[in-house]
Amino acid sequence: MRNMLSSQAAANWNSHQLAQILCHCFEGYLVPFNIDGDAFATRFSAEDISLNDSKIWLRDGEPKAMAIITRRGQTSRLGAFAIRPDLRGQGYGKQFIQQLIDEARERGDRQMWLEVIVGNDGGLALYKRMGFVCQQTLVGFHATGSTLFRPTGELLEIDPLLMAKKMMTDGRLRLPWLSAPETLYKLPGKAYVLDDVAYAMVIPDARQPKLRMLYVDTAARGKGYAKKLLTLLHERFPGLSTAGSIPEQVAPLYLSCGYRQDPVTQYEMLLKF
């Protein structure tokens, strides 16, 4: 039965088809998953998807599993991995992940990252067996309470690329893939600066505005800029939430500014070759 499965590069499908396949393979997952073709293209292009390295496994022409591989230099990441319910618990996960690892080694990658939702015990156990090691816990937040927007002119809009370049000059900065500057400037959002030292990237969706990243210059840290920036953003974007890729160690900052931590958290994991 196992030899009836074959893999093909995701490059053989368009973004709308890939979105449908991903949702199909995520059926019955721990957290409901849904994405359309437009959102798929926007999200995974910003994450630097490699369509030639991403895989779809098929049986009799039907997609049974899918892996999205994103790449930057000699680093790759498992951006999504989903298996149809009828194949789960039969060892296919190990087989498919091993294929992805072997291919990463063959192309000269030095490391592979992934995120797994806390509570997905089967997935966590699989990744640990394959050699991945937990690096940190990633969390998300929602602003609570109502605020009155007072246009003070302190927040200035800038090109997101300028914010990304500023972050890239910080040699000590190591951010999760989803919050990295290489991801941020490709998203359809807006960047703001406060006093030329504190920066924020926001996707200003009318229904659910999302804060993608907050960054303060090294020399200006510990002076209250992050708190002031979070407050100003909450005023300007009611109902503001963050991406679920905030390192847990900065949770006290958000909690002190009236943000509530989301119940869904993730482990960031790394495999070094």
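In the predicted model, the side chains of Asp48 and Arg72 meet in a salt bridge, with a nitrogen-to-oxygen separation of 2.6 Å. This pair links distant parts of the chain, since Asp48 belongs to the loop between α2 (37-46) and β2 (55-59) while Arg72 belongs to strand β3 (residues 62-72), the two residues standing 24 residues apart. Asp48 is partly exposed, its relative accessible area being 21%, whereas Arg72, with a relative accessible area of 19%, is buried; the two fall on either side of the boundary because a residue counts as buried under 20%. The backbone of Asp48 also has a feature to be noted, in that its phi angle is near 65 degrees, a positive value in a residue other than glycine.

A further pairing involves the loop and the strand already named. Asp53 forms a salt bridge with Arg71, the closest N and O atoms being 3.4 Å apart. Because Asp53 lies in the loop between α2 and β2 and Arg71 in strand β3, the pair ties together parts that are 18 residues apart in sequence. With respect to solvent, Asp53 counts as buried at 15% relative accessibility, while Arg71 is partly exposed, with a relative accessible area of 27%. Salt bridges that share partners also join Arg43, Glu47, Arg77 and Glu115 into one network. Within this network, Glu47 forms a salt bridge with Arg43, for which the closest N and O atoms are 2.9 Å apart. Here the acidic partner, Glu47, is buried, with a relative accessible area of 3%, and the basic partner, Arg43, is partly exposed, with a relative accessible area of 30%. In general, side chains of opposite charge can pair when their charged atoms come close. Over the whole structure, the search finds 18 salt bridges, among them the pairs Asp48 with Arg72, Asp53 with Arg71 and Glu47 with Arg43.

A positive phi value is also found at Asp196, where the angle is near 65 degrees in a residue other than glycine. Asp196 is located in the loop between β9 and β10 (198-203), and at 59% relative accessibility it counts as exposed, whereas Asp48, in the loop between α2 and β2, counts as partly exposed at 21%. Strand β9 itself (residues 190-194) contains Tyr192, which counts as buried at 4% relative accessibility. The C-alpha atom of Tyr192 is separated by 5.6 Å from that of Ile158, although the two residues are 34 residues apart along the chain.

A separation of another kind is given by Asn14 and Leu232, which are 218 residues apart along the chain and whose C-alpha atoms are separated by 40 Å. Asn14 is found in the loop between β1 (5-9) and α1 (15-25), where it counts as partly exposed at 38% relative accessibility.

With regard to the surface, Leu161, Met168 and Tyr185 make a nonpolar patch of about 260 Å². Of these residues, Met168 lies in helix α5 (residues 160-168) and is partly exposed, with a relative accessible area of 44%. This value is compatible with membership of the patch, because patches are made of residues with over 30% relative accessible area and no salt bridge.

The second largest pocket holds about 620 Å³ of space. It is lined by 25 residues, of which Leu214, Val216, Arg221, Val250 and Leu253 are the closest to its centre. The lining draws at least two residues from each of β11 (210-216), α7 (225-236), β13 (246-247) and α8 (251-256), and β11 gives the most, with four residues. In chemical character, the lining of the second largest pocket divides into 15 nonpolar, six polar and four charged residues.

Definitions and conventions. Residues numbered from 1 in each chain as written. Predicted model: local features only at pLDDT ≥ 70, side-chain atom pairs only at ≥ 80, totals over all residues. Heavy atoms only, no water. Patch = residues over 30% accessible without salt bridge, like charges linked within 9 Å, V, L, I, M, F, W, Y side chains within 5 Å. Areas by Shrake-Rupley, 256 points an atom, 1.4 Å probe, with all protein chains shown as cover. Salt bridge = Lys/Arg side-chain N within 4 Å of Asp/Glu carboxyl O. Buried < 20%, exposed > 50% of the residue type's maximum accessible area, 1.4 Å probe, protein only. 1 Å grid on protein atoms, 1.4 Å probe; cavity = no way out; pocket = protein on both sides within 12 Å on 5 of 7 lines; lining within 4 Å. Points joined across faces, edges and corners; volume = space filled by probe spheres on them. Nonpolar A, V, L, I, M, F, W, Y, C, P; charged D, E, K, R; others polar.
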